[in-house]
Structure formats: structure tokens, C-alpha cells
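Q: Could you take me through this structure, beginning with the ligand?
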Amino acid sequence: MDRYPLLEFNLKKLYHNTEIVTKLCENYGIKVAGIIKGFGGIPEGAEEMAKGGCYQIGSSRIDQLRVLKERGFDVPLLLVRIPMMCEIEDVVKYSDLSLVSEKETLDLLNSEAKKQDKVYGVVLMYDLGDLREGVFLKEDLIKLALYVEYDLNNLYLEGIGTNLSCYGSVAPSTENLNRLAEAATEIEEKLNRNLNIVSGGGTTTLPLLVRGGVPKKINHLRIGEGINNTQDLPLYWDTNIEGLDPDVFVLKAQIVELNEKPTHPIGQLMVNAFGDLPHYDDRGIRKRAIVALGNQDLGDSSRLVPKDKDMIVLGASSDHTILDIHDCKSQYKLGDIVEFNILYQAMLMTSLSDYVHKKIIKY
Ligand SMILES: *Cc1c(COP(=O)(O)O)cnc(C)c1O
């Protein structure tokens, strides 16, 4: 018997989505690094993304890449969080290349690579205004590129890249990506060779790509969400990519109470379990269900999308999620299982939670 809450991970759907996205990108001359951190690095998922056409597999967590290396995975592994000084040995051992923005980190990677008798790949990050990681001035970026090329013998400069719409929520645009393209061209002229990678961002660059706005020079994207959690594209980005399946992950939870209650809390309102004071609409007395699933599993219940379109997620505390089922056509009973699509944050949290059971579906 299945135990709940249960996160179902459908590998066939993941493969299918990977194929669609990698082919689409290929049409624009773009290679895809498939990013696995959004689902806790589950190795079967990484394998499916590699089979589906990803050129590299990447994660922000070196431990997730270590698991793949130890399984003898042969696709190049990309670390997408700039390395910590305390993990340099593992970074060189368990990944093939990483995104880097600091000269000192480059020096450490170089000496570690020398120790391990390797040539290790690096992609230098250029900050185009999102204000997370990356060298801010183009002149400094070029200097750093020349430094890697000519002074660090155990590093190979794979290319340059940028990160957008993360901290600063800056949208990828033809203008900002042109600055990346220009920097790449200047570096290539100075080195007198081509760069393998000019990496124009993550999933959030896909909307610009399908509108034809990504400069030709960009030849690499790092995509997780756009493959494994595709409902964000139409929801946040007004972008529909034909054929993408939103059901790679489905979360299932069991009903533990059914009742009819008022919709506005009774008594003086203070703060809820998390110190917030939400707004409550008074919609009279409604039918509701409680499922055994909560914000400690999910992060935030607003990231749940019920499969039953007539169901409304009212909110959750740590362990209970309250659903308005008043307008649902199905007659729910105690013990019934409710299914949800989950947005990125909920995918991330549920896949990492020890309290959420996992089921990998192969067919
Ligand atoms: C997480 C991450 C990505 C992939 O993001 P998605 O939204 O899952 O596509 C790409 N690049 C960097 C630097 C990241 O940290």
C-alpha cells in the first residue's frame, strides 16, 4: 500500500520534456545543461535528462554530482553554484567544470587540479545587472579570462556565462545578452580561439529564445525548471512550448478531516503559525477538507495547484493543508487521495523532505 504524502516522479515524462527542450534549443544552436537541483538530484532523473539530449548535467550541490560520478555517469558534470573554498577538493574530484567569479577561487581550483593531475573546466560569470554572482565590469572579466588562459595551466577556460532573474529579477533581453555576446567575442579575439560555452542563463531565457530574441553568439543554457516543472512557463512567462507535460511531478496527499466551517476565523486575529497575518475572505459556510501535508513538507501551500480545478487551497500550517471543496464535482470521502501539481519551490522542498514518500514511475 502506498504511504502518503507521496511524490510521484515520472521518468518517461521527464525524458519526453527533455527531448522537446533540447531539440528546440538545438534549432537555435544552443546546448543544454540539464539542472537537477530542483528535484534533489535524484540520479534516475539525471540519467533520463542525459538520455533525452542534455549536453551536461548540472547542480548547485556538489554532493548531488558526487553521487552521479560514483555511479560512473559519463556525461560532463557542471557545478552551477560558484564553489566554496571548503569544497574545492570535492569540486575538482566530482565535477568536470564549474561557474566561477573569483580570482582566488580560480587559483585554488588550479592548484587542486594540479594535485589531482587534471585539467579542470571553468566558466567565468559576468553580472549583467541581476546583482547575484559574476564579475561586474567587462574589462575585469576579460582580464580574468586572460589570466585563466595564460597563467593557470590546470584550468581550461570553457567560456563565459551569466545569471539573470534570480536575485534582481532582471529579465533576460536581447540587450543584456548582447553584452555577454560582445564580451565573448572580445575574449575570443584576444585568445585567438573560440570559447566552447557562452551561457545565456537558465529556464527564464527560454521565453526570449522562442520569441527569437537570443543573440546568435549564445550557445548554452542551464535548464532545470523548463524541463521538470514546465507549468511555470505559461504561468509566469506567458510562454507555451508545444508538447511539454506538466505532470513530471505529482504530489498526493490523504484527506484526514472533512467538514463544513465558516471561512472567516472567529475571535481577535493575531498572527498565524508562521508569524504572518493573512487576509481571510468571508465567503460564508463552505465544505472543506484537510489533507495531511503541510508547509514543513512544501515550503508554502500557495505553490500547490490542485488537479481538481474546482478545488481551492486555502492555506496550511506545518502539517495540515486546508482545501475548499465546496464547488467540487467529486464527492470526497475521508481517506481519499487528493492530487496536486507543484510549482518549483514545492518540487524542491518535497523532493528533499524525508517525510514525503517518493515513487519513481518508469513507464
Ligand atoms: C538553478 C540554476 C540554474 C537552473 O535554473 P532553472 O530555473 O531550474 O532552470 C541555472 N543556473 C544557475 C547558476 C542556477 O543556480
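A: The following exchange covers the ligand site and then the domains. The model is predicted, with local features needing pLDDT of at least 70 and side-chain atom pairs pLDDT 80 or more, while totals for chains, interfaces and linings use all residues. Numbering starts from 1 along each chain as its sequence is written, and side-chain values use heavy atoms, without hydrogens and water.
Q: Which residues come nearest to the ligand?
A: K37, T203, R222, G224 and E225 do, out of 13 residues around the ligand (a heavy atom within 4 Å).
Q: What is the character of that shell?
A: It holds 5 nonpolar, 3 polar and 5 charged residues; Asp, Glu, Lys and Arg count as charged, Ala, Val, Leu, Ile, Met, Phe, Trp, Tyr, Cys and Pro as nonpolar, and the others, Gly among them, as polar.
Q: Which ligand atom pairs with the side chain of R222?
A: A nitrogen atom of the ligand is 2.8 Å from an N or O atom of the R222 side chain. For T203, a ligand oxygen atom lies 2.4 Å from a side-chain N or O atom.
Q: Now the domains: where are their bounds?
A: Domain 1 spans 11-236 and domain 2 spans 249-361, by an automatic or database domain assignment. Their C-alpha centres are 36 Å apart.
Q: How many residues are in contact?
A: 15 residues of domain 1 contact 11 residues of domain 2 (heavy atoms within 4.5 Å).

Notes: Polar contact = N/O pair within 3.5 Å; in protein donor to acceptor, adjacent residues only side chain to side chain.
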